Amino acid sequence: MKWSTHATYIYSPFNFASRHYIHIGMNDFLESIKSRDPAAKSVLSIVLTYPGVKAVFFHKLAHFFYVAGFDLIARIISQTIRFFTGIEIHPGAKIGKNLFIDHGMGVVIGETSEIGDNVTIYHAVTLGGSSPSIDSERQRHEKRHPTIGNDVVIGSGAQIIGPVKVGNGARIAANAVVVKDVPENATMVGIPAKAVKLENKGNFRPYGVDDKVKDEQ
């Protein structure tokens, strides 16, 4: 698997210099959300009422300060947005283009998480470490959170734990607990999560599964 196709975007701090870049990027971001949410009536409603939009936008600002070495300012920004949206994204997390956090309440994205392009995450999802309270000092500078590929859908309540890799196009069903690497285009269901389908190419599937997958269970 290749995990570096979006690296330039992910590792770039917030771009204050180019208003044109921000305008184009924001338009693409908002339109991508509208295409993935049948409840979205207009771009204006997305901007004003979607907590995930605010969380992602201010994460860019927090990440800018984190990369610049202003850890306290970065954490103050992230915790303020957590208070208003219920979404906690560590300033160190690396996020690609067009991340859509739908509903959002209870979402936690850890410090060393990496998220690709066009990923959809529903409420109560955790991208967490496996045992952060055990031998914390040793883990401080290690990769301990998941890497999520492009075009992944993570259903509500799903937990992806540890430095696992989730392949491009994968679907993580609601409440699944992922503790091992996920192949590209796989659908993962259960605790611990197991692949029930290995080809997801095609239409977007809200919450990670469709009726066909349910019938196969």
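In the predicted model, buried residues account for 44% of the 217 residues in the chain. The accessible surface of the chain amounts to about 11,200 Å², and 59% of this area belongs to carbon and sulfur atoms. The secondary structure comprises seven helices and 15 strands. Of the contacts between residues at least 6 apart in sequence, 40% join residues that are at least 24 apart.

Five of the strands make up an open sheet with parallel pairing, in which the order is 1-4-7-10-13. Strand 1 (88–89) and strand 13 (177–178) each have a single partner strand and stand at the edges, so one side of each is left without a neighbour in the sheet. Strands of a sheet pair through backbone hydrogen bonds, in either a parallel or an antiparallel sense. At one of these edges, two bridges in the parallel sense connect strand 1 with strand 4, which spans residues 108–109, and Ile89 has Ile109 of strand 4 as its bridge partner.

Both partners of that bridge, Ile89 and Ile109, recur among the contacts of Ile101, which also touches Gly52, Val56, Ile87, Val107 and Ile121 when residues up to four places away in sequence are not counted. Ile101 belongs to strand 3, which covers residues 100–101, and its relative accessibility of 2% lies under the 20% cut-off, so Ile101 counts as buried. Between Ile101 and Gly52, the C-alpha to C-alpha distance is 4.7 Å, although the two residues are 49 apart in sequence.

Gly52 and Val56, two of the residues touched by Ile101, are also among the buried residues of helix 4, a set that further includes Val53, Ala55, His59, Ala62 and His63. Helix 4 consists of 17 residues, 51–67, and reaches 24 Å from its first C-alpha to its last, close to the 24 Å expected at 1.5 Å a residue. Just after helix 4, a positive phi of about 95 degrees is found at Gly69.

Backbone geometry was also examined in the loops. Most residues other than glycine have a negative phi, and most peptide bonds are trans. Asn98, which is not a glycine, nevertheless has a positive phi near 60 degrees; Asn98 is located in the loop between strand 2 (94–95) and strand 3, the strand that contains Ile101. With a relative accessible area of 16%, which is under the 20% cut-off, Asn98 is classed as buried. Asp151, likewise a residue other than glycine, takes a positive phi of about 60 degrees and is placed in the loop between strand 8 (147–148) and strand 9 (153–154). The relative accessible area of Asp151 is 38%, which falls between the cut-offs of 20% and 50%, so Asp151 is partly exposed.

Antiparallel pairing is seen between strand 14 and strand 15, which are joined by three bridges; in one of the pairs, Thr187 has Lys197 of strand 15 as its bridge partner. The hairpin of these two strands has four residues between the strands, and Gly190 in this hairpin adopts a positive phi near 105 degrees. The loop between strand 14 (187–189) and strand 15 (194–197) also contains Pro192, and the peptide bond leading from Ile191 to Pro192 is cis, with omega near -10 degrees.

Key: Residues numbered from 1 in each chain as written. Predicted model: local features only at pLDDT ≥ 70, side-chain atom pairs only at ≥ 80, totals over all residues. Heavy atoms only, no water. Pairing = 2+ DSSP bridges. Buried < 20%, exposed > 50% of the residue type's maximum accessible area, 1.4 Å probe, protein only. Contact = heavy atoms within 4.5 Å. Expected span 1.5 Å × (residues − 1). Areas by Shrake-Rupley, 256 points an atom, 1.4 Å probe, with all protein chains shown as cover.
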